[in-house]
Amino acid sequence: MPTYFDLVYAVTRQVPPGRVTTYGAIADFLALGAARMVGWALNHSFSEKTGVPAHRVVNRKGELSGRNHFPTPTLMQEMLEAEGVRVEDNRVIDLDKHFWHPVEDLGEDWEPFDVENGIA
DNA sequence: TATTTGACCTTTA
DNA sequence: GTAAAGGCCAAAT
């Protein structure tokens, strides 16, 4: 029984490399209205083998709030920099430039029909 | 079974 | 303009 939990995984996995999104964007895209849960879902994404690039998810301010939950606090920044995203002081530079809207790429009608399968 | 916490965002003072 | 409080859903204790 897929919950919104799985939806977050699905959307996050659709995030293109070198791009970053925010919890609010995902929450708004999924019409959850609860940005808090988005991060919470990603929290478990590490324990699970979801393969969700949580490092591409940052808060509205572009801060790597989740770095604390990574294997190493600097790992998140390293991963972003490796993808071409300039990160400084635990914050994404040019967030607006690297910002990625799910609705723009996936479409408003996009839905995780095969969440458990890993999306189309 | 009920209460608290959780990687946040938005609105009001 | 900055600062503080409220609110959403779900999982863990």
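Me: How do the residues of the surface near DNA strand C divide into nonpolar, polar and charged?

Reply: One thing up front: this is a predicted model. On that surface there are 5 nonpolar, 2 polar and 1 charged. The residues in question are Tyr4, Phe5, Gly33, Ala34, Arg36, Met37, Trp40 and His44. Arg counts as charged, while Gly counts as polar.

Me: What makes these residues count as near DNA strand C?

Reply: A residue is near a strand if one of its heavy atoms lies within 4 Å of it. Looking from the DNA side, 52% of the atoms of DNA strand C within 4 Å of the protein belong to sugar or phosphate, and the rest belong to bases.

Me: Which elements give two or more residues to the surface near DNA strand C?

Reply: They are H1 and helix H3 (35-47). H3 gives the most, with 4 residues.

Me: How do you know that Arg36 makes a polar contact with DNA strand C?

Reply: A polar side-chain atom of Arg36 lies 3.1 Å from a base oxygen of that strand. The cut-off for a pair of N or O atoms is 3.5 Å, so this pair counts as a polar contact.

Me: Back to the aromatic residues. How many aromatic pairs does a search of the whole structure find?

Reply: The search finds 3. One of them is Tyr4 with Phe5, where the ring centres are 6.4 Å apart and the planes sit at 45°.

Me: Why is the pair of Tyr4 and Phe5 called stacked, tilted or edge-to-face, whichever it is?

Reply: Check the distance, then the angle. The centres must lie within 6.5 Å, and 6.4 Å passes. Planes under 30 degrees apart count as stacked and over 60 as edge-to-face, with the rest tilted. Here the angle is 45°, so the pair is tilted.

Me: And what makes the pair of Phe5 and Tyr9 stacked or edge-to-face?

Reply: Their centres are 5.4 Å apart and their planes are at 85°, so this pair is edge-to-face. The two residues are 4 apart in helix H1 (residues 4-13), which separates them by about one helical turn. Put Tyr4, Phe5 and Tyr9 together and you have one aromatic cluster.

Me: How do you know whether Tyr4, Phe5 and Tyr9 are buried or partly exposed?

Reply: Buried means under 20% relative accessible area, and partly exposed runs from there up to 50%. Tyr4 has 17%, so Tyr4 is buried. Phe5 has 21%, so Phe5 is partly exposed. Tyr9 has 5%, so Tyr9 is buried.

Me: Is Thr21 buried or exposed, and what puts it there?

Reply: Thr21 has a relative accessible area of 0%, so Thr21 is buried. Thr21 is found in strand E1 (residues 21-22). The side chain of Thr21 also reaches the backbone oxygen of Trp100 at 3.2 Å.

Me: What makes Glu81 count as buried, partly exposed or exposed?

Reply: Glu81 has 33% relative accessibility, so Glu81 is partly exposed. You'll find Glu81 in helix H4 (residues 75-82).

Me: How many residues surround DNA strand B, and which are the closest?

Reply: There are 17, and the closest are Tyr23, Arg36, Leu42, Arg60 and His69. Sugar and phosphate account for 48% of the strand's atoms that come within 4 Å of the protein.

Me: How do you know that Gly39, Leu42 and His69 make polar contacts with DNA strand B?

Reply: Set each distance against 3.5 Å again. A backbone N or O atom of Gly39 lies 3.1 Å from a base nitrogen of DNA strand B. A polar backbone atom of Leu42 is 2.6 Å from a base nitrogen. For His69, a side-chain N or O atom is 2.7 Å from a phosphate oxygen. Each pair is within the cut-off, so each one counts.

Me: Which element gives the most to the surface near DNA strand B?

Reply: H3 does, with 9 residues. By class, that surface has 7 nonpolar, 8 polar and 2 charged residues.

Me: What lines the largest pocket?

Reply: The lining has 13 residues, with Tyr23, Gly39, Asn43, Gly66 and His69 nearest the centre. H3 provides the largest share, 5 residues. The space in this pocket is about 220 Å³.

Me: How many residues of each class does that lining have?

Reply: It has 8 nonpolar, 5 polar and no charged residues.

Methods. Residues are numbered from 1 along each chain as its sequence is written. Chains are lettered from A and ligands numbered from 1 in the order in which they are written. This is a predicted model: local features need pLDDT of at least 70, side-chain atom pairs count only at pLDDT 80 or more; totals for chains, interfaces and linings use all residues. Side-chain values use heavy atoms; hydrogens and water are left out. Rings of Phe, Tyr and Trp (its six-membered ring) pair if their centres lie within 6.5 Å; planes under 30 degrees apart count as stacked, over 60 as edge-to-face and the rest as tilted. Buried means under 20% relative accessible area, exposed over 50%, partly exposed in between (1.4 Å probe, protein chains only). A polar contact is a pair of N or O atoms within 3.5 Å; within protein, one must be able to donate a hydrogen and the other to accept it, and residues adjacent in sequence count only if both atoms are side-chain atoms. On a 1 Å grid over the protein atoms alone, a cavity is a set of points where a 1.4 Å probe fits but cannot get out, and a pocket is an open set with protein on both sides within 12 Å along at least five of seven lines; lining residues have an atom within 4 Å of a point. Grid points are joined across faces, edges and corners, and a volume is the space filled by probe spheres set on the points.
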